[in-house]
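Me: I would like to go through this structure term by term, with each label set against the rule that earns it. Please begin with the rule for aromatic rings.

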Amino acid sequence: PFPAPSVTPSPLAFRQFPDPGFFWPALRPEFAADLDGMAEATRYLLDLRLDPDSLQLRGQEWVLYTNRESVALDAIYFRLYPNFPGCRGAASVTAVQVGETLLNPTYEVERTALRVPLNPLLQPGAAVALGLRFEVQVPRGDTCRYGDFSYAGGVMALAHAYPMIPACDDEGWGVELGPAYGDLVHADTSLYQVTMTVPAGWVVAASGTEVSRSSPEPGLVRMAWVAGPARDFYMALSPDFLTATEEVGGVRVTSYFLSDDQAGGGNVLQVAARALRAYEPLFGPYRYRELDLVETATLAGGIEYPGAVVIAGSMYGLEAVYLEEVVAHEVAHQWWYSLVGNDQVDEPWVDEALATYSSIVYFERALGAASAEALLEYYWETYRSTVDAQRDAPVNRPVGAYSEGDYYAIVYAKGSLFFDALRTEIGDEAFWAVLRRYYERYLYGTATGEGLLEVAEEVSGRDLHPLYEQWILSPR
């Protein structure tokens, strides 16, 4: 929908990148010192403008990227998630700039990756400033993956709508396409300053904390947020959103919902508040100043983003127990994915299995042992059905190694049963100590299954390889 420009694009005006301390409003005051160690974190400056009538998002983006690898880099990649196969939307980069030098965009991986060459090479520890001008067509309807990037049900959901730098590790840049299910993003913790101009009257839920609001011209509102340390920046907006808010230990928890779902919106808020109270003493503190729960038309029950949780509108009228499970799971992802990261494409169990088991912990703490046992038995039944069908598999495989149905049964259900077996093996006191140590060691970093096992053995003083082999590495 966006043809290549017929003339050479004009350079982007250079933007000054703020120091890490600039982003302190996104964190609870007692954790503002976390930013002291973020000098090498990638910094994004995003300036966006949304036209809801045409469903077009236009933006400029400036990025300060530091090479934290041990080798020099000859290029940097950006992911263009709106171009994922099957989506009716599209993303087009109309200008690319390295420092003051304009480059022609080079697309790869079915236009889902943009390669930006570097000359000279970017040496370890060195930083480079990049600029992009881009345009995005938002699809109407929920057919794109889980409907996480769409305009549907009166809500504009803008997951991964901007060009995003994937993680670079010993296997290279994370630009693989992946299947049409599971999570897409494997990214390092970054810092975000985002401004967006929208029509007046539209209510915006976003990662981070809003820091300013103005009216650049009649009928428009310009909003600004800071977010981070975070792996992504999420936005959803609607002219029909209502909100309800509760303060939980210094965290502003806000539920965004549509007018037909006021009761469900209140329930979502209550569950999220209870989950925060249950998880913090067991896992470690929630670092962000805000947590948003957002109703969208997603086809998934819920989806996690840093500082934000999406809940499907279809869940709001269900019995409380189903809604509680989804909300508790997604809130747990604020620890297991957002604060403690992992490769969600190649090793998805590391966050999904632990978030699933965390929902059992929520039921235990908030609803009682019988409710927790019933939920645990549900996961046992889900896993047993896969075993009975002779489709058992190791848990530590990439998303694409499973069918969509087996992905849930193995990664979520069987993976959560590993954590229950671990808790039984080492006892409650050691189990909670393992999770707290794991959180502390990998806070804002990237964990692996082997790293989790190492922490568990270190804290418990026991050889847990047989248990890990039994549940994670092999079919049972």
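Reply: Rings of Phe, Tyr and Trp, the last represented by its six-membered ring, count as a pair if their centres lie within 6.5 Å, and the pair is stacked when the planes are under 30 degrees apart, edge-to-face when they are over 60, and tilted otherwise. The model is a predicted one, in which local features need pLDDT of at least 70 and side-chain atom pairs count only at pLDDT 80 or more, while totals for chains, interfaces and linings use all residues. Residues are numbered from 1 along each chain as its sequence is written, and side-chain values use heavy atoms, with hydrogens and water left out. With the ring rule the count comes to 35 aromatic pairs.

Me: What makes the aromatic pair of Trp349 and Phe419 tilted?

Reply: The ring centres of Trp349 and Phe419 are 6.1 Å apart and their planes make an angle of 40 degrees, which is neither under 30 nor over 60, so the pair falls into the remaining class. Trp349 belongs to helix 3 (residues 349-366) and Phe419 to helix 5 (residues 404-426), so the pair ties together parts that are 70 residues apart in sequence; helices here are DSSP runs of H or I with at least four residues, strands are runs of E with at least two, and both are numbered from the N terminus.

Me: How do you know that Trp349 is buried?

Reply: Buried means under 20% relative accessible area, exposed means over 50%, and partly exposed lies in between, with a 1.4 Å probe and protein chains only. Trp349 has 0% and therefore counts as buried, and Phe419, at 1%, is buried too.

Me: Which residues form one aromatic cluster?

Reply: The cluster is made of Tyr279, Phe283, Tyr286, Tyr288, Trp335, Trp336, Tyr438 and Tyr442. Contact means heavy atoms within 4.5 Å, and, leaving aside neighbours within four places in sequence, the contacts of Trp335 include Tyr279, Phe283 and Tyr286, together with Leu276, Val340 and Tyr439.

Me: What makes a set of residues a nonpolar core?

Reply: The members must be buried Ala, Val, Leu, Ile, Met, Phe, Trp, Tyr or Cys residues joined through side-chain atoms within 4.5 Å. The largest such core has 109 residues, and those with the most contacts inside it are Tyr279, Trp335, Trp336, Trp349 and Tyr438. A second, separate core holds 60 residues, including Leu118, Phe149, Leu184 and Trp225.

Me: Why is helix 2 described as largely enclosed by the rest of the structure?

Reply: Of its 13 residues 10 are buried, so helix 2 is largely enclosed. Among the buried ones are Leu323, Val327 and Val331, but also Glu324, Glu325, His329 and Glu330. Helix 2 (residues 320-332) spans 18 Å from first to last C-alpha, close to the 18 Å expected, where the expectation is 1.5 Å times one less than the number of residues.

Me: Why do Arg58 and Glu135 count as a salt bridge?

Reply: A salt bridge requires a side-chain nitrogen of Lys or Arg within 4 Å of a carboxyl oxygen of Asp or Glu, and the closest N and O atoms of Arg58 and Glu135 are 3.0 Å apart. Arg58 lies in strand 2 (residues 56-66) and Glu135 in strand 8, so the pair ties together parts 77 residues apart in sequence. Arg58, at 36% relative accessibility, is partly exposed, whereas Glu135, at 17%, is buried.

Me: What makes Glu247 and Arg289 a link between distant parts of the chain?

Reply: Their salt bridge has its closest N and O atoms 3.5 Å apart, and it joins Glu247 in strand 18 (residues 242-248) to Arg289 in the loop between helix 1 (262-283) and strand 20 (290-296), 42 residues apart. Glu247 is partly exposed at 42%, while Arg289 is buried at 18%.

Me: How do you know that Asp148 is buried?

Reply: Its relative accessible area is 10%, so Asp148 meets the cut-off for buried. Asp148 sits in the loop between strand 8 (127-137) and strand 9 (149-152), and, not counting residues up to four places away, touches Ala157, Leu158, Ala159, Ile303 and Tyr305.
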